[in-house]
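This report follows one residue outward to its strand, its sheet and the rest of the chain. Please have the sequence and the model open while reading.

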Amino acid sequence: MRRLGLGIALGLALLVPATAGAAQSIGITLDPASIKLLRFTTSDHREGLLVRAEGVDGKRYEVQVGFPSDWETTKARLPMRFDDLPAGTTVRPCFAVDEIDSPEAADLFPSSCAIAVPAGFAIAVAQAIPKRVPDFGGPIAGAAYDIYISARPSDNSATAKVFPNPTSTVDVVAAAIYTYTVPGLTGEFRYPSVPVLQAYPRWSKFYSGTLKYSVTKHFPVLFGSLSFAGVGVYGPGNRYGAPTNSFGRNVYIDTLDSDYGKGWHRIMGVLTQPTNGTFCYEFSKKGGSGGKTGISSKNTYRLTAIGPGLTPIVRVEFHGPTFPFGNDAYNPLTDTWGTNLSPEQTAALQLQATLMGPNWARPVKGTDCAQQLRQLPPGFIPPTS
């Protein structure tokens, strides 16, 4: 069996109770179709997850993931071993998730394994994502994939909440919320065991119209938030937008069939911002982009984020703005920013301010997602109570 290095996925939502640690990355550059999950039982009757996969180097890998008795309460990192299985260990197929959980869970977590723990069962989820892809056009096809292992308690309290944009998944549906009771808190505080990744489109204020040519070219803008238990997932980052501690999160942006080429290509990872875990990106020419915008000819984009604690990776696929920038009376050469906008553009700007909370009114260091909001006429964004 191959011995491996171990990488830890970054992140945790500030103020979220009982969620120390993070979903863990097994540092294998692998063929995602080769992942096989099994369960092992040691001679002292402790169960764990056995991950088998084939690397792009053609080698076979095997990793053990253990579940300590207090994992559900502490949300500590799951212990991993890369050596041989202890003597007396038996390996068996995984329990089917739908045998011990709701039928919906089997659809949401196809690459999962039910592990017996003292309190009942835990659902271990294995996901593979192309995280290490170059910014500004790195192709997803042929990219290296990393395995991530996350876990959640098994219960029957599944509920779903669907957001306006169509969603797709890595191995989970971003719009599905699974809840369970957090131990040790006063009263019953229920929160989703799946982080929520939201994405919405609007148009930028800028256009390529001139007094000679009235053809407009507003750039698509995406904005959204990454949250958990209603609390934003965020942390500090460096000047390159990379997280600098285990609280930070990047949301990875991919575009389909753009000026970077056919298929999915990576735009970049954007850092989520305090305090609501919000983010934004304008699809325009950037330094380092080689003069390309990344605007999808299919108007199709996707975002991927690693959840806080031991929660899974989530992904949302969505369309850019299809509504008009201005209403029928809009003249891009004479109307000022914030006047005669279409109802959809107006609603999107107001929604962005709502997601950001009071922060939209204050300049911030780094990427300032609210810069255009603060340039709107007074009263454009209704005051919040």
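L49 lies in strand β4, residues 47-54; here helices (H or I, at least four residues) and strands (E, at least two) are DSSP runs, numbered from the N terminus. The model is a predicted one, in which local features need pLDDT of at least 70 and side-chain atom pairs count only at pLDDT 80 or more, while totals for chains, interfaces and linings use all residues. Residues are numbered from 1 along each chain as its sequence is written, and side-chain values use heavy atoms, with hydrogens and water left out.

L49 counts as buried because its relative accessibility is 0%. Buried means under 20% relative accessible area, exposed over 50%, and partly exposed in between (1.4 Å probe, protein chains only). Leaving aside residues up to four places away in sequence, L49 touches L37, L38, F40, V63, Q64, V65, F67, C113, I115, A124 and I149, where contact means heavy atoms within 4.5 Å. One of these partners, C113, is 64 residues from L49 in sequence, yet the two C-alpha atoms are 7.3 Å apart in space.

**The sheet around β4**

Strand β4 is mostly covered, with six of its eight residues buried. It belongs to an open sheet of five strands in the order β6-β5-β4-β3-β7, with antiparallel pairing. Two strands pair if DSSP finds at least two bridges between them. Because β6 and β7 (90-93) stand at the edges, each with a single partner strand, one side of each is left without a neighbour in the sheet.

On one pairing of β4, six bridges join it to β3 (residues 36-41), and K36 stands opposite R52 in β4. These two strands form a hairpin with five residues between them, and H45 in the turn has a positive phi of about 70°. In the pairing of β4 with β5, seven bridges join the strands, and V51 has V63 in β5 as its bridge partner. The hairpin of β4 and β5 also has five residues between the strands, and G58 there takes a positive phi near 85°.

**The second largest pocket**

The second largest pocket holds about 300 Å³ of space. A pocket is found on a 1 Å grid over the protein atoms alone, as an open set of points where a 1.4 Å probe fits, with protein on both sides within 12 Å along at least five of seven lines; lining residues have an atom within 4 Å of a point. Grid points are joined across faces, edges and corners, and the volume is the space filled by probe spheres set on the points. The pocket has 18 lining residues, of which F40, R46, E47, G66 and F67 are the closest to its centre. Two or more lining residues come from each of β5 (60-66), β6 (80-81) and β8 (112-117), and β5 gives the largest share, three residues.

**A second five-stranded sheet**

Another open sheet of five strands has the order β10-β19-β18-β21-β22, again with antiparallel pairing. Its edge strands are β10 (138-139) and β22 (313-319), each pairing on one side only. Within this sheet, all seven residues of β21 (residues 300-306) are buried. T300, R302, T304 and I306 point one way from β21, while Y301, L303 and A305 point the other way. In a regular strand the side chains alternate between the two faces of the sheet.

Three antiparallel pairings of this sheet are listed below.

| Strand pair | Bridges | Opposed residues |
|---|---|---|
| β10 and β19 (261-271) | two | P139 and H265 |
| β18 (250-258) and β21 | five | Y252 and T304 |
| β21 and β22 | seven | L303 and V316 |

The hairpin of β21 and β22 has six residues between the strands, and G309 takes a positive phi near 60°.

**Helix α4 and the whole chain**

Helix α4 (residues 343-356) has 14 residues and reaches 20 Å from its first C-alpha to its last, close to the 20 Å expected at 1.5 Å a residue; the expected span is 1.5 Å times one less than the number of residues. Its buried residues include L349, Q352 and M356. The buried residues of α4 pack against β15 (196-203), β16 (220-228), β20 (278-282) and α5 (371-374). Just after α4, G357 takes a positive phi of about 70°.

The chain has five helices and 22 strands. Of its 385 residues, 52% count as buried.
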